[in-house]
Amino acid sequence: MAIENDAYAPILPGPGGSDYERYLRTDELLALQKTPDEWAHRDELLFQTVHQASELWLKHAWVEVEEARDLSGAIRLLRRACACIRYVEGFLEHLELMSPWEYQEVRRALGHGSGFDSPGFREIRRVSPPLLAAFDALRRERGLSLLEVYTEARANEDVYQIAELLTEWDERVGVWRFRHFKVVARIIGEDVVGTQGTPVDLLAGLIKNKMFPELWRVRTELTELAKQSD
């Protein structure tokens with residue numbers, strides 16, 4: 001006689017046949033994409049998967065950056081945030097597997113949808129300036145100019161490491177935006193207008209913007225300082 005073993009039966013509340021499904025809410029998660037009978041084109045699943053997954057990782061990134069503002073665990077948190085952006089950048093490769101012609105069918109289903117409306121990107125822009133302000137307060141508390149953060153790095157290792165992770169965060173976001181521009185240009189062309197009336201070539205100018213320009217300028221100052229000592 002078989003003995004019914006329910007030792008691993010679900011104990012968490014909610015729908016789903018297992019605690020894995022209930023904890024991750026997979027029923028809801030996997031219902032967020034259009035069904036085949038709703039597709040304008042079969043690649044809508046690819047398009048939605050890339051962008052929905054990107055929003056999840058962007059959320060993880062900006063939450064880590066927001067917490068990093070107290071600087072107590074900033075090094076660990078910023079490393080995690082930078083890794084998140086690398087993943088989001090990697091997802092863009094999947095969009096390049098779409099046919100430029102067939103994408104036009106997907107594009108008609110987007111309405112006025114645009115990457116400018118990404119909640120994740122909006123939150124990145126919100127949490128990044130306060131992070132820089134917290135860093136500036138820390139270095140001033142230590143009596144350091146930004147230049148001295150680098151020239152006296154060995155004596156102020158923690159401040160230096162945070163400065164470099166802020167630079168990496170800025171760089172990662174910039175590289176992601178550049179890759180996004182290249183994907184858009186590859187699929188719909190550079191001399192066209194986007195879904196919200198923004199010329200695609202305008203994106204090329206926007207990606208030059210930096211969140212922390214002073215952290216980039218200090219590299220030039222270090223080079224000039226080194227020349228003076230030659």
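This is a short talk on the core, the aromatic pairs, the salt bridges and one surface patch of the structure above.

The model is a predicted one.

I will start with the inside. The largest nonpolar core has 52 residues, and the members that touch the most others are Phe135, Leu166, Trp169 and Trp176. Seven names come up when we ask which elements give two or more residues to this core: H3, H4, H5, which is residues 100-108, H6, residues 119-141, then H7, H8, and H10, residues 213-228. Which element gives the most to this core? That is H8, with 14 residues.

Next, the aromatic rings. There are 4 aromatic pairs in the structure. In one of these, Trp57 and Tyr87 have ring centres 4.8 Å apart and planes at 70°, and because an angle over 60 degrees counts as edge-to-face, that is the label for this pair. Trp57 belongs to helix H3 and Tyr87 to helix H4, residues 74-95, so this contact links distant parts of the chain, 30 residues apart. Are these two residues buried or exposed? Neither: Trp57 is partly exposed at 32% relative accessibility, and Tyr87 is partly exposed at 40%.

A second pair is made by Tyr150 and Tyr160. Their ring centres are 5.5 Å apart and their planes stand at 85°, so this pair is edge-to-face too. Tyr150 sits in helix H7, residues 146-151, and Tyr160 in helix H8, residues 157-188, so the contact ties together parts 10 residues apart in sequence. Tyr150 counts as buried, with 14% relative accessibility, whereas Tyr160 is partly exposed at 23%.

One more ring contact involves a charge. The charged end of Lys210 sits over the ring of Trp216, at 5.9 Å from the ring centre.

Back to Trp57 and Tyr87, which also appear on the surface. Together with Leu29, Leu30, Leu32 and Leu56 they make a nonpolar surface patch of about 610 Å². Leu56 is in helix H3, residues 44-68. With a relative accessibility of 54%, Leu56 counts as exposed, because the cut-off is over 50%.

Now the salt bridges. How many does a search of the whole structure find? The count is 15. I will go through three of them, and then a network.

The first on my list is Glu28 with Arg25, where the side chains meet at 3.0 Å, N to O. Glu28 is partly exposed, with a relative accessible area of 40%. Arg25 has a further feature: its phi is positive, about 55°, although the residue is not a glycine. Arg25 is placed in the loop between helix H1, residues 19-24, and helix H2, residues 26-29.

The next is Arg80 with Glu64, whose closest N and O atoms are 2.8 Å apart. This is again a link between distant parts of the chain, with Arg80 in helix H4 and Glu64 in helix H3, 16 residues apart. The two ends differ in cover: Glu64 counts as buried at 5% relative accessibility, while Arg80 counts as partly exposed at 38%.

Then there is Glu96 with Arg179, with 3.4 Å between the closest N and O atoms. Glu96 lies in the loop between H4 and H5, and Arg179 lies in helix H8, so the bridge ties together parts 83 residues apart in sequence. Which side of the 20% cut-off do these two charged residues fall on? Both count as buried, because Glu96 has 19% relative accessibility and Arg179 has 17%, and buried means under 20%.

As for the network, Glu66, Arg69, Glu123 and Arg126 are joined into one by salt bridges that share partners.

One backbone item is left. Leu71 has a positive phi, near 70°, and is a residue other than glycine. Leu71 is found in the loop between H3 and H4. With a relative accessible area of 16%, Leu71 is buried.

To go back over the H3 and H4 contacts: the ring pair of Trp57 and Tyr87 links these two helices, and the salt bridge of Arg80 and Glu64 links them as well. Both helices are also on the list of elements that give two or more residues to the core. That is the end of the talk.

Terms used:
Residues are numbered from 1 along each chain as its sequence is written. This is a predicted model: local features need pLDDT of at least 70, side-chain atom pairs count only at pLDDT 80 or more; totals for chains, interfaces and linings use all residues. Side-chain values use heavy atoms; hydrogens and water are left out. Patches are made of residues with over 30% relative accessible area and no salt bridge: like charges are joined within 9 Å, nonpolar side chains (Val, Leu, Ile, Met, Phe, Trp, Tyr) within 5 Å. Accessible areas come from the Shrake-Rupley method with a 1.4 Å probe; for residues, only the protein chains shown count as cover. A salt bridge is a side-chain nitrogen of Lys or Arg within 4 Å of a carboxyl oxygen of Asp or Glu. Helices (H or I, at least four residues) and strands (E, at least two) are DSSP runs, numbered from the N terminus. Buried means under 20% relative accessible area, exposed over 50%, partly exposed in between (1.4 Å probe, protein chains only). Rings of Phe, Tyr and Trp (its six-membered ring) pair if their centres lie within 6.5 Å; planes under 30 degrees apart count as stacked, over 60 as edge-to-face and the rest as tilted. A charge sits over a ring if NZ of Lys or CZ of Arg is within 6 Å of the ring centre and within 35 degrees of the ring normal. A nonpolar core is a set of buried Ala, Val, Leu, Ile, Met, Phe, Trp, Tyr and Cys residues joined through side-chain atoms within 4.5 Å.
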